[in-house]
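User: Please examine the structure below and discuss its ring pairs, helix geometry and nonpolar cores.

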Amino acid sequence: MSAIHPIVTVTGSSGAGTSFVKRAVEQIFARENLNAAIIEGDSFHKYDRMSMRAKVADSKENGGRPLTHFSEHANEFEKLEELFAQYRETGTGKRRYYIHSDEEAAEHNARLGTNLKPGEFTPWEDIPEGTDVLFYEGLHGMVKRKDHGPAEGMHDVSQYVDLGIGVCPVVNIEWMQKIYRDTSERPYSVGQVRDVILERMEDYIEYIVPQFHRTHINFHRVPLVDTSDPFSTLKDEAALVPEPKNSLMVTHVRHQDIDLQAIADKIPGAWLQTTETLVYNSEHMVLAMDLLMSPIIHNLVERKRAALAK
């Protein structure tokens with residue numbers, strides 16, 4: 001744990017809901033008056049959009065495992081670990097941005113004097129000095145990749161993280177959320193999203209799932225309605241993500257700064273299933289996130305201020 005340069009990560013699969021949790025964390029940062037260095041997980045992909053499409057096509061033509069954004073072969077794990085290690089030591093490091101849209105392209109081109117397009121990366125640049133916390137949101141915030149042979153133990157990003165937050169809904173809800181997003185915000189059909197999910201499954205199990213036993217808090221959404229066919233193409237059923245009131249949030253917490261019973265007492269209808277597991281209706285998720293994460297982040301800030309005052 002770093003007293004002066006803390007690191008907070010939100011980690012989850014595509015469609016899991018990490019962006020929602022990210023907004024909650026950023027609100028806590030704002031309330032604590034913290035200047036956060038924001039790191040987007042996409043910015044540590046190895047290939048830009050066009051190159052990735054070519055690499056994926058090559059992997060399929062060769063008859064091997066399809067290349068996916070979950071895999072170490074499509075990401076710069078080493079650079080991500082270097083960033084976390086350097087930030088923890090010095091409060092700075094190298095970052096870049098992956099450009100998702102025309103709006104983002106215009107913003108970065110104006111800032112950098114470049115002519116970049118959506119699907120490309122900005123150049124690597126230094127994180128400005130004087131930030132209070134590094135905040136990562138993406139696929140690999142708690143990744144720990146053990147390679148074979150003498151290099152075993154490489155790419156342990158998780159060792160530098162002070163607060164790791166996992167977003168891991170029951171997989172059918174995760175798929176339904178991804179289907180809803182990709183068919184409503186992107187030009188994909190339910191069948192196309194299903195194919196992507198299947199192609200990613202091996203990498204999902206190998207790279208995404210193991211991170212959730214390293215996190216300090218896991219938000220695990222469980223349906224209270226039928227989600228048994230998340231790939232339904234019926235007009236009245238396709239990608240119908242359960243409303244918050246129709247699901248429970250099973251929240252597993254392993255952090256010394258949290259009094260879970262005291263938090264349960266502040267959430268309507270909440271209970272402790274185990275000493276480390278809090279359960280409540282998902283309509284209270286925003287309240288629960290604030291109650292759970294605020295004291296941890298506040299204590300990180302206080303430790304930072306105490307260390308700087310010495």
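The questions and answers that follow take up these topics in turn.

Analyst: This is a predicted model, in which local features need pLDDT of at least 70, side-chain atom pairs count only at pLDDT 80 or more, and totals for chains, interfaces and linings use all residues. Residues are numbered from 1 along each chain as its sequence is written, and side-chain values use heavy atoms, with hydrogens and water left out.

User: Which geometry does the aromatic pair of Tyr-98 and Phe-121 adopt?

Analyst: Rings of Phe, Tyr and Trp (its six-membered ring) pair if their centres lie within 6.5 Å; planes under 30 degrees apart count as stacked, over 60 as edge-to-face and the rest as tilted. The structure holds seven aromatic pairs. For Tyr-98 and Phe-121 the centres are 5.3 Å apart and the planes lie at 65 degrees, so the pair is edge-to-face.

User: Which charged residue sits over the ring of Phe-121?

Analyst: A charge sits over a ring if NZ of Lys or CZ of Arg is within 6 Å of the ring centre and within 35 degrees of the ring normal. Phe-121 is buried (under 20% relative accessible area with a 1.4 Å probe, protein chains only; exposed is over 50%, partly exposed in between). The charged end over its ring, 3.7 Å from the centre, belongs to Arg-96.

User: Where is the kink in helix H6 centred?

Analyst: Helices (H or I, at least four residues) and strands (E, at least two) are DSSP runs, numbered from the N terminus. H6, residues 190-208, has its end C-alpha atoms only 22 Å apart, short of the 27 Å of a straight helix (1.5 Å times one less than its number of residues). A bend is the angle between axes fitted to the seven residues ending at a residue and the seven starting there. The kink in H6 is about 50 degrees, and its centre is Arg-200.

User: Over which ring does the charged end of Arg-200 sit?

Analyst: Arg-200 is among the buried residues of H6. Its charged end lies 4.8 Å from the centre of the ring of Phe-70.

User: How many residues does H8 give to the largest nonpolar core?

Analyst: A nonpolar core is a set of buried Ala, Val, Leu, Ile, Met, Phe, Trp, Tyr and Cys residues joined through side-chain atoms within 4.5 Å. The largest has 36 residues, and Met-293 is one of those touching the most other members. H8 bends by about 30 degrees at Met-293. H8 gives the most to this core, and its share is ten residues.
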